[in-house]
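Please open the model in the viewer and keep the selection panel at hand. The tour below proceeds by selection, from the contact between chains to single residues.

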2 protein chains.
Amino acid sequence: MALVVMKFGGSSLADADKMKLVASRIIAKKNAGNKVVAVVSAPGDTTDELLEMADKITSNPPAREMDVLLATGEMISISLLAMAIDTMDEKSVSLTGPQAGILADINYTRARVKKVNPKKINSLLSKNNIVIVAGFQALNPKGDVTTLGRGGSDLTAVVLAAGLEADSCEIYSDVEGVYTTDPRLVKDAKKLEYISYDEMLEMAGSGAQILQSRSVEVAKKFGVEIHARSTFSENQGTIITSEEKIRRRKMEELFVSGITFDKNQVKFTIIDLPDIPGVAAKIFSSLAKIGINVDMIIQSAAVNKKNDISFTVSRKETKKTQIELDKIASEFKASQVVCDEHVAKISVVGIGMKSNAGVAGKMFEILHKKGINIEMISTSEIKISCIVDEMDMAKAVEELHKGFGLSKKK
Amino acid sequence: MALVVMKFGGSSLADADKMKLVASRIIAKKNAGNKVVAVVSAPGDTTDELLEMADKITSNPPAREMDVLLATGEMISISLLAMAIDTMDEKSVSLTGPQAGILADINYTRARVKKVNPKKINSLLSKNNIVIVAGFQALNPKGDVTTLGRGGSDLTAVVLAAGLEADSCEIYSDVEGVYTTDPRLVKDAKKLEYISYDEMLEMAGSGAQILQSRSVEVAKKFGVEIHARSTFSENQGTIITSEEKIRRRKMEELFVSGITFDKNQVKFTIIDLPDIPGVAAKIFSSLAKIGINVDMIIQSAAVNKKNDISFTVSRKETKKTQIELDKIASEFKASQVVCDEHVAKISVVGIGMKSNAGVAGKMFEILHKKGINIEMISTSEIKISCIVDEMDMAKAVEELHKGFGLSKKK
């Protein structure tokens, strides 16, 4: 008898009808001869509503109490889903994260899972129950409930699949799987049959938020194969698995798996910095100290013992970054700080790049042919990213998607 | 250093401003030199909203899952209140019922508290924390959260006051205390300084729902003195305590403490039942079997080996009762079942009755003088109740309130 972990996101649980649909999918899985553990997020916009309630009281809530508040969202889902399953005459038992034996460290609001104690779940499964587990939450060493950070229900599903040695881990949402690019932008985007953990991580980092990144990291660490699929269709979704397994299964190797894009970045440039050691270090450690993550960085070659540094940050950090850079610029007597909000990041992702030189060259060529100017470039083993003018983004994505052979075969 | 348990109801926690007011009252109590344990209900209409969510899925939810769902309401209150206290630079820690060491039996949705383990609360108090406890919920022997029935937060406050050997137990709501009758009906109703546990129980049973009845029973059992008062004023409320203590404190004894009324009853009469043994037993055991609580009962003297039986039930049971009585009437060949929905119950409550004959006589005389017909009568040691036509209710309450000397002195 196979053991399946099924995870359902908030948009799949937004009202009573959707709850019932989820219940019927879980029961069908059980009736097909499986033991089932279902992991659920808070219904619909519940988490945002709870955050809003807290925000009316304070902009700086104690983290422990924030976790008590947020944990209620998933408790609503587990109990309502158990009720829906009961109406279909199946046995189920709901468990909070702490009851399910998910043990985390002492950090509140972004706890790390340390261990899964599978005893209670296994005992309930052996008595023929469907087990429903509240995602996103865990028990910490103090005996308090704690949460795993935004999107933490994916992580709950993966750690349970690992801890229970499940045969499969299915993550359901309102999309059909992982696509070669966003189908809302490029009509002939294709659903991928397989994608590797590393590609998935690079795509998540580039704005395609299908799975929480930490859950993908943990799945990779423990070799948990994830099936990302839709709650609202029976279609096969996308399997996220190891590179090795994909290479074994794929007949024809693709250089590139997907094109991603991210409009949520702004570019800062500090002009005429002195070309002396330690300037870059000072800038980026100052930004890190106030919690600002810098993404892409380029430094121009020095001219007249002066040079420029450009980098991108998340759009919501624009103001904070500007204030900090103004201080730094005056300290180093730089001539100017320029902020460009009209940029977009385009990335080409694929494990095929490792063994195939020339992907970068092909990317630049495709963009150049269409007259698209590349402002910044960064590369990793399996990803090449460019910053372009946001006006060019849609065209760039479409051309790259076509140019790398990702469009549906006619 | 005195230990005070303060309980706040949902209407005192309905929005962020009210939460902050409650936080400031708790802090003021601590600053006056007390250790404080605050017990809270779910905010505003949260419990009703949760019930509605469940109702959209099933009319017959599993009790265990209902408790998981309902317990979230109080978790929202404890975390938000802890945040509000934090904004005022005081230390507090929120605890769910299970974390607070409130241990109950195995019944879901109406569990009985078996024991309070005060270890965690005492440890937090000794570290100078305000402790905030979710009312209405407890841990059962299976390790599940369970709830104590509607109004169960009052019970939480009382069992904590008993278990922690608190010096006082203050129950805050949106009313100033217990009144001689409902001030909305009789303008010169007076707030009582003291009322005994038994009077309070009789008044609750007669429709004056200031405190949950079981909490009053438990307070009586453990000798916990309750101070019922308003969240929104500094005025002294009403002390609910033992008869003995009241007799010691009161200079002038009152025969009667209050007049209550209840429009939430309907009267059924079965006409021409055979006057043979076992008929009444059959009727009331049939009703009990389907969960219908009967309040007042009268049986007429037999005439021609036939008699009539009348009794009252809660208005919401009207239909269920009618169906059951129609069956019984046909079984015993009774001639008719009559349902009167236009009745009201008026009660005179007071420990003074025990040692003072003539209260009943005076009550009947007052009603008679005003031409109010009494349809049914029942008495206990400290209460006399009459069923009257609902058209006469307001007048009856006003006249009894005046007649027993309860109106404010001019």
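**The contact between the chains**

In this predicted model, 26 residues of chain B are in contact with 26 residues of chain A, a contact being a pair of residues whose C-beta atoms, placed from the backbone, lie within 7 Å. Select α1 (16-31), α2 (46-57) and α3 (63-87) of chain B: these are the elements that give two or more residues to the side of chain B that touches chain A. Helices (H or I, at least four residues) and strands (E, at least two) are DSSP runs, numbered from the N terminus. With 14 residues, α3(B) gives the most to that side. By class, the side of chain B that touches chain A comprises 16 nonpolar, seven polar and three charged residues; Ala, Val, Leu, Ile, Met, Phe, Trp, Tyr, Cys and Pro count as nonpolar, Asp, Glu, Lys and Arg as charged, and the others, Gly among them, as polar.

Residues are numbered from 1 along each chain as its sequence is written, while chains are lettered from A and ligands numbered from 1 in the order in which they are written. As the model is predicted, local features need pLDDT of at least 70 and side-chain atom pairs count only at pLDDT 80 or more, whereas totals for chains, interfaces and linings use all residues.

**The axis**

Next, superpose chain B on chain A: a rotation of 180° with 0.1 Å of shift along its axis does this with an RMSD of 0.1 Å. This is the relation of a two-fold axis; the fit is by least squares on the C-alpha atoms of residues with pLDDT of at least 70 in both copies. The same surface serves both copies, since 100% of the contact residues of chain B recur in chain A. Centre the view on B:T72, which of the residues of chain B comes closest to the rotation axis, at 2.7 Å (C-alpha).

**An open sheet in chain B**

Now select the four strands that form an open, antiparallel sheet in the order β13-β18-β20-β19 of chain B; two strands pair if DSSP finds at least two bridges between them. At the edges are β13 (258-262) and β19 (376-380) of chain B, each pairing on one side only. From one strand to the next the twist averages 20°. Five antiparallel bridges join β19(B) to β20 (residues 383-389) of chain B, and B:S380 stands opposite B:K383 in β20(B).

**Two helices on the sheet**

Add helix α11 (residues 359-369) of chain B, which lies across β18 (343-349), β19 and β20 of chain B and runs at about 20° to β20(B). Axes are lines fitted to C-alpha atoms, for helices over the stretch in contact, and angles run from 0 to 180 degrees between N-to-C directions. Then add helix α12 (residues 393-403) of chain B, which touches β13, β18 and β20 of chain B and makes about 10° with the direction of β18(B).

Which residues of α12(B) are buried? They are B:A396, B:V397, B:E399, B:L400 and B:H401, where buried requires 20 or more other C-beta atoms within 10 Å of the residue's own, exposed 12 or fewer, and partly exposed a count in between, with C-beta atoms placed from the backbone. The buried residues of α12(B) pack against β13, β18, α11 and β20 of chain B. Just after α12(B), B:G405 takes a positive phi of about 70°.

**Chain A**

Finally, turn to A:E365 in helix α11 (residues 359-369) of chain A. A:E365 is exposed, with 12 other C-beta atoms within 10 Å.
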